[in-house]
Amino acid sequence: MEKELPSPVWENGIHTDFKASLSYGEYLNLEKILDSQRLLSGHHDEMLFIIIHQVSELWMKLMLHEINSARASIQKDDLESAFKMLSRVSRIQQQLIQSWSVLSTLTPAEYLEFRGKLGSSSGFQSYQYRLIEFALGYKNIHAIQVYKHDKLLYTMLEEALHEPSLYDVSIAALSSHGLKVDPGCLSRDLSEAYKPDESVENAWIEVYRNVERYWDLYELAEKLVDIGSQQQIWRFNHMTTVERIIGHKTGTGGSSGVTYLKKVLDHQFFPELWSLRTKL
């Protein structure tokens, strides 16, 4: 005798008429999002390549949203509000890091089937990624030249270049809490990449040696270390994925590809928060 299967679960209160109310798809604008994967080749794996990069850009948008709000909170000396946002940034970074393992399923032979269709477009041109680097303190005036063709983008990046980074406002917080920071560090040219400063290192060391007295600053420091560490892992996974797929070929955007990505790994975010560990 056949076993009777349970009936599908359904609740009478579930909405089915959306003529006068907002549906899930409408709220998320799904039709537009899901219609944005325009393949330039007939190859199956181009869909993977496009979606990975589109999803990454969405995560980066959220990452910038959280970083900018955290930066504003730190400037108002509202460090506790910033902690939640910075924790969320770390979780977003984990999603971005994981995306490389999905893209790494693309083999060199498969990528060659549609790489030629990309023209000069490249992830190197991601303006959101550039904004993230600027927001974390890695400024590079030369990097904004690739956006000269778009006046609005170029202006936005130029403004971001001169804004205080997340680390700049954190260093200012050290000073506002009574720790000694060289005035020159506080008034430096914000359009330049941050360089290690002995007074900043000493101030952070003081925080780590007096955790109970400077608990909020200590917590802030550890949130920054989380973000800096995750960002380096993202960079490393990016480099190894690129090497796995195209080896040491020149990038589609004209960069040296893996060679360039390896050089970038030499840069460290929030340097004094790493160097102090040796001196404690």
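Start by selecting α10 and whatever surrounds it: the cover over its buried residues (buried means under 20% relative accessible area, exposed over 50%, partly exposed in between, with a 1.4 Å probe and protein chains only) includes α8 (166–176), α9 (183–186), α11 (215–246) and α13 (272–279). Helices here are DSSP runs of H or I with at least four residues, numbered from the N terminus. You are looking at a predicted model, where local features need pLDDT of at least 70, side-chain atom pairs count only at pLDDT 80 or more, and totals for chains, interfaces and linings use all residues. Residues are numbered from 1 along each chain as its sequence is written, and side-chain values use heavy atoms, leaving out hydrogens and water.

Now show the side chains of α10 (residues 198–209): the buried ones include Trp204, Ile205 and Tyr208.

Next, the salt bridges, each a side-chain nitrogen of Lys or Arg within 4 Å of a carboxyl oxygen of Asp or Glu. The whole structure has nine. Pick arginine 88 and glutamate 66, whose closest N and O atoms are 3.0 Å apart. This pair links distant parts of the chain, with arginine 88 in helix α4 (residues 79–103) and glutamate 66 in helix α3 (residues 46–75). Arginine 88 is partly exposed at 37% relative accessible area, while glutamate 66 is buried at 6%.

Move on to α11 and select glutamate 219 and lysine 223, which form a salt bridge at 3.5 Å, N to O. They sit four residues apart in that helix, separated by about one helical turn. Lysine 223 is buried, at 15%.

Last stop: select Arg130, Glu133 and Arg235, joined into one network by salt bridges that share partners.

How values were computed: Helices (H or I, at least four residues) and strands (E, at least two) are DSSP runs, numbered from the N terminus. Contact means heavy atoms within 4.5 Å.
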